[in-house]
Amino acid sequence: MIRSWPKRFVHRNLHWKKANPPTSSRRRAFSCATHDYRNKLRNELHDLNLDDAIGLFRVMIRSHPLPSIIDLSRLLTAIAKMKKFDVVISLCQEMERLGISHNMYTCNILINSLTRSSHSHLFLALSFLGKMIKLGYAPDLVTLSSLLNGFREVSDDAMSFVNRIEEMGYKPNVVIYNTLIDVHCRSGSVNDALKVFDEMRRKGITRSVVTYNAMIRGLCKLGRWSEADELVSDMMEKRIHPNVITFSVLIDACVKEGNVLEAKELYKEMIRRSVVPDIRIYNSLINGLCMDGRLDEARKMLDFMVSMGCVPNVVTYNTLIKGFCKSKRAHDGMKLFCEMTHKGLRGDTFTYNTLIHGYCQVGKFSVAQKVMRRMSESRVPRDIITFNILLDCLCDIGKIEKALTIFRDMEKSEMGYDIFTYNIIIHGMYKAGKVEDAMELFCSLKLKGVKPDVVTYRTMISGLCRKGLRHDADVLYRQMTEDEFLLLYNL
(Lines give C-alpha, C1' and ligand atoms only; values in the text may rest on other atoms or scores of the structure.)
Protein backbone atom coordinates (compact mmCIF):
# COMPACT_ATOMS: atom_id res chain seq x y z
CA MET A 1 0.00 0.00 0.00
CA ILE A 2 2.98 2.24 0.51
CA ARG A 3 5.26 2.85 -2.45
CA SER A 4 8.28 0.56 -2.54
CA TRP A 5 11.08 3.07 -3.19
CA PRO A 6 11.12 4.66 0.29
CA LYS A 7 11.10 1.21 1.86
CA ARG A 8 14.11 0.17 -0.24
CA PHE A 9 15.81 3.47 0.47
CA VAL A 10 15.32 3.17 4.24
CA HIS A 11 16.24 -0.52 4.21
CA ARG A 12 19.47 0.24 2.37
CA ASN A 13 20.43 2.88 4.92
CA LEU A 14 19.26 1.06 8.02
CA HIS A 15 20.83 -2.30 7.31
CA TRP A 16 24.40 -1.85 6.11
CA LYS A 17 26.38 -5.05 6.11
CA LYS A 18 28.96 -5.34 8.88
CA ALA A 19 31.62 -6.28 6.37
CA ASN A 20 31.19 -2.94 4.56
CA PRO A 21 30.97 -0.15 7.14
CA PRO A 22 30.41 3.38 5.79
CA THR A 23 33.51 5.36 5.08
CA SER A 24 34.29 8.42 7.15
CA SER A 25 33.73 10.67 4.13
CA ARG A 26 30.22 9.36 3.53
CA ARG A 27 29.05 9.07 7.13
CA ARG A 28 31.47 11.47 8.68
CA ALA A 29 29.10 12.62 11.42
CA PHE A 30 27.46 9.42 12.55
CA SER A 31 29.93 7.33 14.52
CA CYS A 32 28.31 5.93 17.67
CA ALA A 33 31.69 5.65 19.33
CA THR A 34 32.55 9.32 19.10
CA HIS A 35 29.30 11.23 18.82
CA ASP A 36 26.08 11.44 20.76
CA TYR A 37 22.97 11.61 18.59
CA ARG A 38 21.47 14.09 21.03
CA ASN A 39 24.13 16.62 20.03
CA LYS A 40 23.09 16.16 16.41
CA LEU A 41 19.46 16.75 17.27
CA ARG A 42 20.30 19.80 19.32
CA ASN A 43 22.90 21.47 17.10
CA GLU A 44 22.89 20.11 13.54
CA LEU A 45 19.34 19.06 12.70
CA HIS A 46 18.70 22.04 10.40
CA ASP A 47 21.74 21.14 8.26
CA LEU A 48 20.87 17.47 7.65
CA ASN A 49 20.13 16.11 4.19
CA LEU A 50 17.99 13.02 3.72
CA ASP A 51 20.91 10.56 3.72
CA ASP A 52 22.28 12.04 6.94
CA ALA A 53 18.84 12.04 8.58
CA ILE A 54 18.33 8.35 7.86
CA GLY A 55 21.89 7.65 9.03
CA LEU A 56 21.07 9.41 12.30
CA PHE A 57 17.88 7.36 12.62
CA ARG A 58 19.99 4.18 12.22
CA VAL A 59 22.25 5.31 15.05
CA MET A 60 19.30 6.18 17.28
CA ILE A 61 17.46 2.87 16.96
CA ARG A 62 20.67 0.94 17.69
CA SER A 63 21.41 2.91 20.84
CA HIS A 64 20.82 1.52 24.33
CA PRO A 65 18.47 2.47 25.75
CA LEU A 66 16.29 3.27 22.76
CA PRO A 67 15.78 7.00 22.13
CA SER A 68 12.77 8.78 23.56
CA ILE A 69 9.78 9.40 21.33
CA ILE A 70 10.45 13.14 21.76
CA ASP A 71 13.91 12.79 20.18
CA LEU A 72 12.51 10.69 17.34
CA SER A 73 9.71 13.17 16.74
CA ARG A 74 12.27 15.93 16.22
CA LEU A 75 14.01 13.88 13.55
CA LEU A 76 10.73 12.91 11.86
CA THR A 77 9.74 16.60 11.80
CA ALA A 78 13.00 17.46 10.03
CA ILE A 79 12.39 14.79 7.37
CA ALA A 80 8.77 15.91 6.93
CA LYS A 81 10.04 19.46 6.33
CA MET A 82 12.08 18.02 3.43
CA LYS A 83 8.69 16.84 2.07
CA LYS A 84 9.92 13.22 2.15
CA PHE A 85 6.61 11.99 3.46
CA ASP A 86 6.96 8.43 2.14
CA VAL A 87 10.20 8.09 4.08
CA VAL A 88 8.53 9.37 7.27
CA ILE A 89 5.86 6.67 6.87
CA SER A 90 8.50 3.94 6.50
CA LEU A 91 10.46 5.18 9.52
CA CYS A 92 7.28 5.21 11.64
CA GLN A 93 6.68 1.60 10.62
CA GLU A 94 10.21 0.75 11.74
CA MET A 95 9.59 2.45 15.09
CA GLU A 96 6.41 0.45 15.61
CA ARG A 97 8.26 -2.77 14.78
CA LEU A 98 10.76 -1.94 17.51
CA GLY A 99 7.96 -1.38 19.99
CA ILE A 100 8.40 2.41 20.25
CA SER A 101 5.01 3.89 21.09
CA HIS A 102 3.71 7.06 19.44
CA ASN A 103 2.95 10.26 21.30
CA MET A 104 0.47 12.89 20.20
CA TYR A 105 3.10 14.73 18.20
CA THR A 106 4.28 11.71 16.18
CA CYS A 107 0.66 10.70 15.57
CA ASN A 108 0.08 14.07 13.93
CA ILE A 109 3.34 13.81 11.96
CA LEU A 110 2.33 10.40 10.60
CA ILE A 111 -1.23 11.46 9.69
CA ASN A 112 0.13 14.57 7.95
CA SER A 113 2.62 12.41 6.01
CA LEU A 114 -0.04 9.87 5.03
CA THR A 115 -2.26 12.59 3.54
CA ARG A 116 0.57 14.47 1.82
CA SER A 117 2.64 11.58 0.44
CA SER A 118 3.13 11.04 -3.29
CA HIS A 119 0.03 8.81 -3.26
CA SER A 120 -2.32 10.19 -0.65
CA HIS A 121 -3.20 7.43 1.82
CA LEU A 122 -6.39 9.00 3.18
CA PHE A 123 -7.91 5.63 4.08
CA LEU A 124 -4.78 4.66 6.02
CA ALA A 125 -4.76 8.06 7.75
CA LEU A 126 -8.38 7.61 8.84
CA SER A 127 -7.58 4.08 10.03
CA PHE A 128 -4.62 5.36 12.03
CA LEU A 129 -6.90 7.99 13.57
CA GLY A 130 -8.87 5.11 15.10
CA LYS A 131 -5.66 3.59 16.46
CA MET A 132 -4.61 6.99 17.82
CA ILE A 133 -7.90 7.31 19.75
CA LYS A 134 -7.40 3.78 21.17
CA LEU A 135 -3.98 4.90 22.41
CA GLY A 136 -5.79 7.58 24.40
CA TYR A 137 -4.99 10.58 22.22
CA ALA A 138 -7.96 12.72 21.27
CA PRO A 139 -7.48 14.32 17.84
CA ASP A 140 -6.86 18.06 17.96
CA LEU A 141 -7.32 20.69 15.26
CA VAL A 142 -3.82 19.93 13.90
CA THR A 143 -4.86 16.28 13.40
CA LEU A 144 -8.12 17.25 11.75
CA SER A 145 -6.46 19.84 9.50
CA SER A 146 -3.98 17.18 8.31
CA LEU A 147 -6.83 14.76 7.62
CA LEU A 148 -8.74 17.44 5.74
CA ASN A 149 -5.72 17.93 3.47
CA GLY A 150 -6.18 14.33 2.35
CA PHE A 151 -9.51 15.17 0.73
CA ARG A 152 -7.79 17.05 -2.11
CA GLU A 153 -8.79 14.29 -4.56
CA VAL A 154 -12.37 14.20 -3.27
CA SER A 155 -13.09 17.82 -2.41
CA ASP A 156 -16.87 17.23 -2.38
CA ASP A 157 -16.40 15.24 0.83
CA ALA A 158 -14.19 17.89 2.44
CA MET A 159 -17.05 20.15 3.52
CA SER A 160 -18.94 17.14 4.93
CA PHE A 161 -15.85 16.30 6.97
CA VAL A 162 -15.73 19.82 8.42
CA ASN A 163 -19.46 19.66 9.26
CA ARG A 164 -18.86 16.31 10.94
CA ILE A 165 -16.08 17.60 13.17
CA GLU A 166 -18.30 20.52 14.17
CA GLU A 167 -20.96 18.02 15.23
CA MET A 168 -18.28 16.29 17.33
CA GLY A 169 -17.84 19.51 19.29
CA TYR A 170 -14.76 20.93 17.58
CA LYS A 171 -14.79 24.57 16.53
CA PRO A 172 -12.95 24.87 13.20
CA ASN A 173 -10.29 27.59 13.27
CA VAL A 174 -8.64 29.60 10.52
CA VAL A 175 -6.22 26.73 9.77
CA ILE A 176 -9.11 24.33 9.11
CA TYR A 177 -10.84 26.85 6.83
CA ASN A 178 -7.58 27.67 5.03
CA THR A 179 -7.03 23.97 4.38
CA LEU A 180 -10.61 23.56 3.14
CA ILE A 181 -10.21 26.50 0.73
CA ASP A 182 -6.90 25.08 -0.51
CA VAL A 183 -8.44 21.62 -1.05
CA HIS A 184 -11.28 23.12 -3.11
CA CYS A 185 -8.94 25.34 -5.16
CA ARG A 186 -6.49 22.53 -5.93
CA SER A 187 -9.34 20.38 -7.23
CA GLY A 188 -10.67 23.26 -9.37
CA SER A 189 -13.78 23.84 -7.23
CA VAL A 190 -13.09 27.57 -6.85
CA ASN A 191 -16.75 28.50 -6.44
CA ASP A 192 -16.97 26.17 -3.44
CA ALA A 193 -13.80 27.78 -2.10
CA LEU A 194 -15.39 31.23 -2.43
CA LYS A 195 -18.40 30.03 -0.44
CA VAL A 196 -16.07 28.91 2.37
CA PHE A 197 -14.23 32.24 2.10
CA ASP A 198 -17.53 34.12 2.60
CA GLU A 199 -18.58 31.76 5.39
CA MET A 200 -15.45 32.71 7.34
CA ARG A 201 -16.57 36.34 7.26
CA ARG A 202 -20.08 35.45 8.41
CA LYS A 203 -18.74 33.37 11.31
CA GLY A 204 -16.32 36.08 12.35
CA ILE A 205 -13.19 34.02 11.58
CA THR A 206 -10.37 36.38 10.66
CA ARG A 207 -8.97 35.60 7.22
CA SER A 208 -5.18 35.56 7.06
CA VAL A 209 -2.67 36.09 4.27
CA VAL A 210 -2.67 32.28 3.86
CA THR A 211 -6.43 32.39 3.21
CA TYR A 212 -6.05 35.07 0.55
CA ASN A 213 -3.06 33.34 -1.05
CA ALA A 214 -4.97 30.07 -1.50
CA MET A 215 -7.99 31.91 -2.93
CA ILE A 216 -5.91 34.11 -5.28
CA ARG A 217 -3.97 31.08 -6.53
CA GLY A 218 -7.19 29.21 -7.28
CA LEU A 219 -8.68 32.14 -9.20
CA CYS A 220 -5.49 32.80 -11.18
CA LYS A 221 -5.24 29.12 -12.09
CA LEU A 222 -8.64 29.37 -13.80
CA GLY A 223 -7.86 32.73 -15.43
CA ARG A 224 -10.31 34.70 -13.27
CA TRP A 225 -7.95 37.66 -13.06
CA SER A 226 -10.47 40.39 -12.17
CA GLU A 227 -11.70 38.44 -9.14
CA ALA A 228 -8.11 37.78 -8.05
CA ASP A 229 -7.40 41.51 -8.41
CA GLU A 230 -10.41 42.33 -6.24
CA LEU A 231 -9.10 40.01 -3.53
CA VAL A 232 -5.69 41.72 -3.62
CA SER A 233 -7.43 45.08 -3.17
CA ASP A 234 -9.49 43.60 -0.32
CA MET A 235 -6.29 42.43 1.35
CA MET A 236 -4.80 45.90 1.19
CA GLU A 237 -7.95 47.53 2.60
CA LYS A 238 -7.90 45.12 5.53
CA ARG A 239 -4.18 45.83 6.08
CA ILE A 240 -3.25 42.21 5.42
CA HIS A 241 0.24 42.49 3.98
CA PRO A 242 1.05 40.33 0.94
CA ASN A 243 3.99 37.99 1.48
CA VAL A 244 6.42 36.26 -0.86
CA ILE A 245 3.82 33.60 -1.73
CA THR A 246 1.26 36.26 -2.70
CA PHE A 247 3.75 37.89 -5.05
CA SER A 248 4.89 34.51 -6.38
CA VAL A 249 1.30 33.61 -7.35
CA LEU A 250 0.64 36.99 -8.97
CA ILE A 251 3.96 37.15 -10.86
CA ASP A 252 3.51 33.59 -12.14
CA ALA A 253 -0.03 34.45 -13.30
CA CYS A 254 1.22 37.56 -15.18
CA VAL A 255 3.98 35.54 -16.86
CA LYS A 256 1.56 32.85 -18.00
CA GLU A 257 -0.64 35.58 -19.47
CA GLY A 258 2.38 36.95 -21.35
CA ASN A 259 2.40 40.17 -19.34
CA VAL A 260 6.08 40.39 -18.40
CA LEU A 261 6.00 44.15 -17.79
CA GLU A 262 3.29 43.74 -15.14
CA ALA A 263 5.31 40.90 -13.58
CA LYS A 264 8.35 43.20 -13.34
CA GLU A 265 6.25 45.93 -11.75
CA LEU A 266 5.05 43.44 -9.13
CA TYR A 267 8.67 42.51 -8.50
CA LYS A 268 9.54 46.17 -7.92
CA GLU A 269 6.57 46.50 -5.58
CA MET A 270 7.65 43.55 -3.46
CA ILE A 271 11.15 45.01 -3.16
CA ARG A 272 9.60 48.34 -2.13
CA ARG A 273 7.68 46.49 0.58
CA SER A 274 10.88 44.76 1.77
CA VAL A 275 9.58 41.32 0.78
CA VAL A 276 12.60 39.20 -0.13
CA PRO A 277 12.16 37.33 -3.46
CA ASP A 278 12.73 33.58 -3.41
CA ILE A 279 13.73 31.09 -6.09
CA ARG A 280 10.11 30.79 -7.35
CA ILE A 281 9.93 34.54 -8.03
CA TYR A 282 13.19 34.58 -9.99
CA ASN A 283 12.29 31.42 -11.92
CA SER A 284 8.94 32.96 -12.96
CA LEU A 285 10.60 36.20 -14.08
CA ILE A 286 13.28 34.33 -16.03
CA ASN A 287 10.57 32.21 -17.66
CA GLY A 288 8.63 35.33 -18.63
CA LEU A 289 11.68 37.00 -20.15
CA CYS A 290 12.51 33.84 -22.12
CA MET A 291 8.95 33.56 -23.40
CA ASP A 292 9.17 37.20 -24.48
CA GLY A 293 12.41 36.51 -26.37
CA ARG A 294 14.48 38.70 -24.03
CA LEU A 295 17.12 36.03 -23.51
CA ASP A 296 20.08 38.23 -22.65
CA GLU A 297 17.96 40.03 -20.05
CA ALA A 298 16.94 36.63 -18.65
CA ARG A 299 20.62 35.68 -18.43
CA LYS A 300 21.33 38.92 -16.52
CA MET A 301 18.47 38.08 -14.16
CA LEU A 302 20.24 34.81 -13.35
CA ASP A 303 23.45 36.68 -12.50
CA PHE A 304 21.47 39.19 -10.44
CA MET A 305 19.68 36.55 -8.38
CA VAL A 306 23.04 34.94 -7.58
CA SER A 307 24.41 38.33 -6.49
CA MET A 308 21.39 38.64 -4.17
CA GLY A 309 22.25 35.34 -2.52
CA CYS A 310 19.51 33.28 -4.19
CA VAL A 311 20.96 30.00 -5.47
CA PRO A 312 19.58 28.88 -8.88
CA ASN A 313 18.23 25.35 -9.19
CA VAL A 314 17.71 22.90 -12.06
CA VAL A 315 14.40 24.59 -12.97
CA THR A 316 16.21 27.94 -13.36
CA TYR A 317 18.77 26.51 -15.76
CA ASN A 318 16.22 24.36 -17.64
CA THR A 319 14.12 27.47 -18.27
CA LEU A 320 17.08 29.40 -19.67
CA ILE A 321 18.39 26.47 -21.71
CA LYS A 322 14.93 25.99 -23.24
CA GLY A 323 14.74 29.69 -24.06
CA PHE A 324 18.10 29.74 -25.86
CA CYS A 325 17.51 26.45 -27.69
CA LYS A 326 14.05 27.58 -28.82
CA SER A 327 15.70 30.68 -30.33
CA LYS A 328 18.20 28.43 -32.15
CA ARG A 329 21.04 29.39 -29.81
CA ALA A 330 21.86 25.84 -28.77
CA HIS A 331 25.52 26.75 -28.21
CA ASP A 332 24.50 29.27 -25.53
CA GLY A 333 22.23 26.62 -24.05
CA MET A 334 25.20 24.27 -23.82
CA LYS A 335 27.23 26.97 -22.04
CA LEU A 336 24.50 27.17 -19.41
CA PHE A 337 24.50 23.38 -19.12
CA CYS A 338 28.25 23.39 -18.48
CA GLU A 339 27.79 26.17 -15.92
CA MET A 340 25.12 24.28 -13.98
CA THR A 341 27.24 21.11 -14.04
CA HIS A 342 30.24 23.06 -12.73
CA LYS A 343 28.03 24.29 -9.86
CA GLY A 344 27.15 20.72 -8.92
CA LEU A 345 23.65 20.66 -10.42
CA ARG A 346 22.77 17.48 -12.32
CA GLY A 347 20.80 17.89 -15.52
CA ASP A 348 17.59 15.87 -15.73
CA THR A 349 15.74 14.29 -18.67
CA PHE A 350 14.18 17.64 -19.57
CA THR A 351 17.63 19.31 -19.71
CA TYR A 352 19.04 16.75 -22.11
CA ASN A 353 15.91 16.58 -24.27
CA THR A 354 15.99 20.36 -24.66
CA LEU A 355 19.64 20.36 -25.74
CA ILE A 356 19.16 17.42 -28.13
CA HIS A 357 16.19 19.17 -29.72
CA GLY A 358 18.08 22.46 -29.83
CA TYR A 359 21.01 20.98 -31.75
CA CYS A 360 18.67 19.08 -34.08
CA GLN A 361 16.86 22.35 -34.87
CA VAL A 362 20.08 24.00 -36.02
CA GLY A 363 21.10 20.96 -38.07
CA LYS A 364 23.87 19.75 -35.76
CA PHE A 365 22.79 16.13 -35.50
CA SER A 366 26.28 14.88 -34.63
CA VAL A 367 26.38 17.17 -31.58
CA ALA A 368 22.85 16.04 -30.63
CA GLN A 369 24.12 12.45 -30.71
CA LYS A 370 27.02 13.39 -28.40
CA VAL A 371 24.56 14.95 -25.94
CA MET A 372 22.50 11.77 -26.06
CA ARG A 373 25.60 9.66 -25.38
CA ARG A 374 26.46 11.87 -22.40
CA MET A 375 22.87 11.46 -21.20
CA SER A 376 23.35 7.69 -21.24
CA GLU A 377 26.77 7.89 -19.56
CA SER A 378 25.32 10.11 -16.82
CA ARG A 379 22.56 7.54 -16.28
CA VAL A 380 19.85 10.09 -16.91
CA PRO A 381 16.75 8.15 -18.04
CA ARG A 382 15.62 8.67 -21.62
CA ASP A 383 11.88 8.94 -22.20
CA ILE A 384 9.57 8.80 -25.21
CA ILE A 385 10.20 12.52 -25.87
CA THR A 386 13.95 11.83 -26.20
CA PHE A 387 13.33 9.25 -28.91
CA ASN A 388 10.64 11.32 -30.65
CA ILE A 389 13.13 14.19 -30.95
CA LEU A 390 15.77 11.83 -32.34
CA LEU A 391 13.36 10.19 -34.81
CA ASP A 392 12.06 13.56 -36.02
CA CYS A 393 15.59 14.79 -36.63
CA LEU A 394 16.60 11.63 -38.53
CA CYS A 395 13.51 11.87 -40.72
CA ASP A 396 14.19 15.56 -41.43
CA ILE A 397 17.73 14.90 -42.61
CA GLY A 398 16.64 11.97 -44.78
CA LYS A 399 17.99 9.13 -42.62
CA ILE A 400 14.70 7.22 -42.64
CA GLU A 401 16.33 3.78 -42.46
CA LYS A 402 18.18 4.65 -39.27
CA ALA A 403 14.97 6.13 -37.86
CA LEU A 404 13.09 2.93 -38.71
CA THR A 405 15.73 0.80 -37.00
CA ILE A 406 15.35 2.82 -33.78
CA PHE A 407 11.56 2.76 -34.16
CA ARG A 408 11.49 -1.05 -34.50
CA ASP A 409 13.75 -1.39 -31.44
CA MET A 410 11.30 0.81 -29.54
CA GLU A 411 8.40 -1.42 -30.60
CA LYS A 412 10.25 -4.49 -29.31
CA SER A 413 11.09 -2.82 -26.01
CA GLU A 414 8.67 -2.09 -23.19
CA MET A 415 8.82 1.65 -23.83
CA GLY A 416 5.35 3.11 -24.11
CA TYR A 417 5.26 4.97 -27.44
CA ASP A 418 2.36 7.15 -28.51
CA ILE A 419 0.63 8.51 -31.61
CA PHE A 420 3.21 11.32 -31.83
CA THR A 421 5.89 8.70 -32.53
CA TYR A 422 3.81 7.13 -35.31
CA ASN A 423 3.06 10.56 -36.80
CA ILE A 424 6.80 11.28 -37.04
CA ILE A 425 7.53 7.95 -38.76
CA ILE A 426 4.56 8.21 -41.15
CA HIS A 427 5.63 11.73 -42.13
CA GLY A 428 9.22 10.52 -42.60
CA MET A 429 8.06 7.64 -44.80
CA TYR A 430 6.11 9.97 -47.08
CA LYS A 431 9.05 12.34 -47.27
CA ALA A 432 11.27 9.43 -48.33
CA GLY A 433 8.73 8.23 -50.92
CA LYS A 434 7.71 5.16 -48.93
CA VAL A 435 3.95 5.61 -49.58
CA GLU A 436 3.00 1.94 -49.29
CA ASP A 437 4.97 1.55 -46.05
CA ALA A 438 3.26 4.61 -44.59
CA MET A 439 -0.16 3.24 -45.57
CA GLU A 440 0.68 -0.15 -44.07
CA LEU A 441 1.80 1.44 -40.79
CA PHE A 442 -1.32 3.61 -40.68
CA CYS A 443 -3.59 0.57 -41.19
CA SER A 444 -1.81 -1.26 -38.36
CA LEU A 445 -2.53 1.45 -35.77
CA LYS A 446 -5.93 0.16 -34.70
CA LEU A 447 -4.55 -3.38 -34.37
CA LYS A 448 -1.90 -1.95 -32.03
CA GLY A 449 -4.57 -0.17 -29.99
CA VAL A 450 -3.37 3.28 -31.08
CA LYS A 451 -6.00 5.78 -32.25
CA PRO A 452 -4.91 8.15 -35.07
CA ASP A 453 -5.33 11.85 -34.36
CA VAL A 454 -5.96 14.81 -36.66
CA VAL A 455 -2.20 15.16 -37.36
CA THR A 456 -2.09 11.53 -38.52
CA TYR A 457 -4.97 12.10 -40.95
CA ARG A 458 -3.52 15.40 -42.20
CA THR A 459 -0.15 13.73 -42.84
CA MET A 460 -1.72 10.78 -44.64
CA ILE A 461 -4.13 12.83 -46.80
CA SER A 462 -1.46 15.39 -47.69
CA GLY A 463 1.03 12.65 -48.59
CA LEU A 464 -1.46 10.76 -50.74
CA CYS A 465 -2.49 13.93 -52.57
CA ARG A 466 1.14 14.81 -53.34
CA LYS A 467 1.57 11.37 -54.86
CA GLY A 468 -1.57 11.81 -56.96
CA LEU A 469 -3.56 9.16 -55.06
CA ARG A 470 -6.75 11.22 -54.83
CA HIS A 471 -9.08 8.25 -54.42
CA ASP A 472 -7.17 6.91 -51.40
CA ALA A 473 -7.08 10.43 -49.96
CA ASP A 474 -10.88 10.74 -50.36
CA VAL A 475 -11.39 7.39 -48.57
CA LEU A 476 -9.28 8.58 -45.66
CA TYR A 477 -11.11 11.91 -45.57
CA ARG A 478 -14.44 10.10 -45.19
CA GLN A 479 -12.95 7.87 -42.49
CA MET A 480 -11.75 10.97 -40.68
CA THR A 481 -15.27 12.45 -40.66
CA GLU A 482 -16.52 9.20 -39.13
CA ASP A 483 -13.87 9.59 -36.40
CA GLU A 484 -15.19 13.13 -35.74
CA PHE A 485 -11.94 14.86 -36.69
CA LEU A 486 -13.41 17.02 -39.49
CA LEU A 487 -13.74 20.20 -37.42
CA LEU A 488 -10.17 19.88 -36.14
CA TYR A 489 -8.91 19.19 -39.67
CA ASN A 490 -10.40 22.46 -40.93
CA LEU A 491 -8.90 24.58 -38.12
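**Exercise 1. Work out how E167 and R164 are placed in their helix, and whether their side chains pair.**

Step 1: Start with the helix. E167 and R164 both sit in helix α9 (residues 156-167), 3 residues apart, which is about one turn of the helix. Keep in mind that this is a predicted model.

Step 2: Now look at the side chains. Those of E167 and R164 meet in a salt bridge, at 3.5 Å from N to O. That fits the cut-off, since a salt bridge needs a Lys or Arg side-chain nitrogen within 4 Å of a carboxyl oxygen of Asp or Glu.

Step 3: Check the surroundings. E167 counts as exposed because its relative accessible area is 61%, while R164, with 48%, is partly exposed.

**Exercise 2. Find which residues are linked in a network with R294 and E297, and describe the pair itself.**

Step 1: Take the pair. The side chains of R294 and E297 form a salt bridge of 3.0 Å, N to O.

Step 2: Go wider. K264, D292, R294 and E297 are linked in a network of salt bridges.

Step 3: Read off the accessibility. R294 has a relative accessible area of 22% and is partly exposed; E297, at 29%, is partly exposed too.

**Exercise 3. Say which helices are joined by the salt bridge between K431 and D396.**

Step 1: Get the distance. The closest N and O atoms of K431 and D396 are 3.7 Å apart.

Step 2: Place each partner. K431 belongs to helix α24 (residues 419-431) and D396 to helix α22 (residues 384-396); the two residues are 35 apart, so the pair links distant parts of the chain.

Step 3: Add the setting of D396. With a relative accessible area of 44%, D396 is partly exposed.

Step 4: Put the bridge in context. The structure holds 23 salt bridges.

**Exercise 4. Identify the residues with the most contacts inside the largest nonpolar core, and the helix that gives the core its largest share.**

Step 1: Size it up. The largest nonpolar core has 149 residues, and L75, I181, M215, I216 and I251 have the most contacts inside it.

Step 2: Find the main contributor. Helix α22 supplies the largest share of this core, 8 residues.

Step 3: Recall the general idea. In soluble globular proteins, nonpolar side chains tend to be buried together.

**Exercise 5. Name the residues of the positive surface patch that includes K370, then decide: is K370 buried or exposed?**

Step 1: List the members. K370, R373, K399 and K402 form the patch.

Step 2: Locate K370. Its helix is α21 (residues 365-377).

Step 3: Decide. K370 is exposed, because its relative accessible area is 53% and exposed means over 50%.

Terms used: Residues numbered from 1 in each chain as written. Predicted model: local features only at pLDDT ≥ 70, side-chain atom pairs only at ≥ 80, totals over all residues. Heavy atoms only, no water. Patch = residues over 30% accessible without salt bridge, like charges linked within 9 Å, V, L, I, M, F, W, Y side chains within 5 Å. Areas by Shrake-Rupley, 256 points an atom, 1.4 Å probe, with all protein chains shown as cover. Lys, Arg positive; Asp, Glu negative; His and termini not counted. Charge placed at Lys NZ, Arg CZ, Asp CG, Glu CD. Helix = DSSP H or I, 4+ residues; strand = E, 2+ residues; numbered from the N terminus. Buried < 20%, exposed > 50% of the residue type's maximum accessible area, 1.4 Å probe, protein only. Core = buried A, V, L, I, M, F, W, Y, C linked by side-chain atoms within 4.5 Å.
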